[in-house]
Amino acid sequence: MKILIYILLFITGGLYVLSKILQLSTLELYVKPTTVPLFFMLYWFNAKRIDTVFVLVLILAFLGDIFLLTDLENSFVYVLLCYGVCYLLLFYFLWKNYQPIVYNSSDIVYLMGFFVVWTFIAYEVYDATQEAMGEIKYYGLIYLLILYLLFIGAVFQYINVRSSKSLWFLVAILNFVISDSCFALDRFYVESVQFEVIYAIYQLLGVFFLVQFMISSPTPLRLSRF
């Protein structure tokens, strides 16, 4: 069954990316809503115990996909709300896996460098897109701040814990950062098939790595601290 799920994910994910490359909206309409349920099945068959919060994250991600594919009035606001709440719920896992902070001098230097670069990138993305957002720019700003803080939390936790579980979480959030940035730039800055393809690939990878985070063990990685 697990192998079958991986095969189905590969097929549906590939078709979804293909729909972006060839701009086939009808194909996207049929294949995109199937990806999150398949990720849920992958989680279901691999998890020792089902986490209610994570199931809610997947449900909201599924609803966000549906709203993104529909032409309902204010549907994009609902998209932002669904994914924004998803990211808020992911803070729960930062709290759940919290350990007392122990940073050395090198860690602090790395974190300061990351903080400066990430702040600059987040500001530039918002500055490039906020004018075209119009009335929803405040929703976009709140959404960006949530993702901004979530990525900082994921990096800080990984540097502190250095476990396989924290690494999966960090990689998942990084993929969401890339996908959401490309989506915002495509929708509110300059339309680009390349942005759409990157968004599609990294969004799928983000959910996949989240599932890996949920089913992985908190095994410490053997990484030296310089």
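**Helix H3, pockets and cavities in a predicted model**

Me: In this predicted model, which residues of H3 are called buried, and why?

Reply: Phe 54, Val 55, Val 57, Leu 58, Leu 60, Ala 61, Gly 64 and Asp 65 are the buried residues of H3; they are called so because each has under 20% relative accessible area.

Me: What covers these buried residues of H3?

Reply: The cover includes helix H2 (25-46), helix H4 (75-96) and helix H8 (193-215).

Me: How do you know whether the span of H3 is close to or far from the expected one?

Reply: Helix H3, residues 52-69, has 18 residues and reaches 26 Å from its first C-alpha to its last. The expected span is 1.5 Å times one less than the number of residues, which for H3 comes to 26 Å, so the helix is close to expectation.

Me: What makes the pair of Asp 51 and Val 53 at the start of H3 a polar contact?

Reply: A side-chain oxygen of Asp 51 reaches to within 2.9 Å of the backbone nitrogen of Val 53. The cut-off for such a pair of N or O atoms is 3.5 Å, so the pair of Asp 51 and Val 53 counts as a polar contact.

Me: Why is the space of about 330 Å³ called a cavity, and what lines it?

Reply: The largest cavity has a volume of about 330 Å³, and it is called a cavity because a 1.4 Å probe fits there but cannot get out. Its lining has 24 residues, of which Leu 80, Tyr 143, Asp 180, Phe 183 and Ala 184 lie nearest the centre. Helix H5 (105-133) gives the most to this lining, with seven residues, and by class the lining has 20 nonpolar, three polar and one charged residues.

Me: Where does H3 take part in the lining of a cavity?

Reply: H3 supplies at least two residues of the lining of the second largest cavity, as do H2, H4, H7 and H8 each. About 200 Å³ of space lies in this second largest cavity, and Ala 61 is one of the residues nearest its centre, along with Tyr 83, Phe 176, Gln 203 and Val 207.

Me: Why is the space of about 510 Å³ called a pocket?

Reply: About 510 Å³ of space lies in the largest pocket, which is called a pocket because it is an open set of points with protein on both sides within 12 Å along at least five of seven lines. Among the 25 residues that line the largest pocket, Lys 20, Glu 28, Leu 68, Arg 187 and Glu 196 are the closest to its centre.

Key: Residues are numbered from 1 along each chain as its sequence is written. This is a predicted model: local features need pLDDT of at least 70, side-chain atom pairs count only at pLDDT 80 or more; totals for chains, interfaces and linings use all residues. Side-chain values use heavy atoms; hydrogens and water are left out. Helices (H or I, at least four residues) and strands (E, at least two) are DSSP runs, numbered from the N terminus. Buried means under 20% relative accessible area, exposed over 50%, partly exposed in between (1.4 Å probe, protein chains only). Contact means heavy atoms within 4.5 Å. A polar contact is a pair of N or O atoms within 3.5 Å; within protein, one must be able to donate a hydrogen and the other to accept it, and residues adjacent in sequence count only if both atoms are side-chain atoms. On a 1 Å grid over the protein atoms alone, a cavity is a set of points where a 1.4 Å probe fits but cannot get out, and a pocket is an open set with protein on both sides within 12 Å along at least five of seven lines; lining residues have an atom within 4 Å of a point. Grid points are joined across faces, edges and corners, and a volume is the space filled by probe spheres set on the points. Ala, Val, Leu, Ile, Met, Phe, Trp, Tyr, Cys and Pro count as nonpolar, Asp, Glu, Lys and Arg as charged, and the others, Gly among them, as polar.
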